[in-house]
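Let's take a walk through this one together. Have a look at the model first, and then we'll go from a single side chain out to the whole chain.

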Amino acid sequence: MVFATVIPSFLVSDSIKMISSSNFTIVAGVGPISTIVLAAIFLNETLSLLQLFGALLVIIGILLVSLKKGNNL
């Protein structure tokens, strides 16, 4: 139980300290997409069009945030 709750919390805190919180937000946004891809590969889950559309929206959001952040440097 400690491995699934306490240790990830400490890892998130340390990663935010190592990189800025805005960079961590971009990285964390990829989490749901990787979950969908891994479920499709390893669990043979079928993806609906709505799920694919949602994944596309997340990817577009991550790209927009990344591009906007790049312009502010």
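Ile 7 counts as partly exposed, because its relative accessibility is 33%, and partly exposed covers the range between the 20% and 50% cut-offs. You'll find Ile 7 in helix α1, which runs over residues 2–18. Ile 7 also has company at the surface: together with Val 2, Phe 3, Val 6, Phe 10 and Leu 11, Ile 7 makes a nonpolar patch of about 630 Å². Keep in mind that all of this comes from a predicted model.

Now hop over to helix α4, residues 49–71, where Phe 53 sits. Phe 53 is partly exposed too, with a relative accessible area of 48%. To get a feel for the distances here, pair Phe 53 with Ser 13: they are 40 residues apart in sequence, and their C-alpha atoms lie 31 Å apart in space.

Time to zoom out. The protein chain has four helices and zero strands, so the pattern along the sequence reads simply α-α-α-α. How spread out is the chain, next to a compact globule? The radius of gyration is 15 Å, well over the 11 Å that the globule rule gives for 73 residues, so the chain is more spread out than a compact globule. Along its principal axes, the C-alpha trace spans about 40 × 35 × 15 Å.

As for burial, buried residues make up 8% of the 73 in the chain. The accessible surface comes to about 5900 Å², and carbon and sulfur atoms account for 75% of that.

Note on methods:
Residues numbered from 1 in each chain as written. Predicted model: local features only at pLDDT ≥ 70, side-chain atom pairs only at ≥ 80, totals over all residues. Heavy atoms only, no water. Helix = DSSP H or I, 4+ residues; strand = E, 2+ residues; numbered from the N terminus. Rg over C-alpha atoms; globule rule 2.2 N^0.38 Å. Buried < 20%, exposed > 50% of the residue type's maximum accessible area, 1.4 Å probe, protein only. Areas by Shrake-Rupley, 256 points an atom, 1.4 Å probe, with all protein chains shown as cover. Patch = residues over 30% accessible without salt bridge, like charges linked within 9 Å, V, L, I, M, F, W, Y side chains within 5 Å. Salt bridge = Lys/Arg side-chain N within 4 Å of Asp/Glu carboxyl O.
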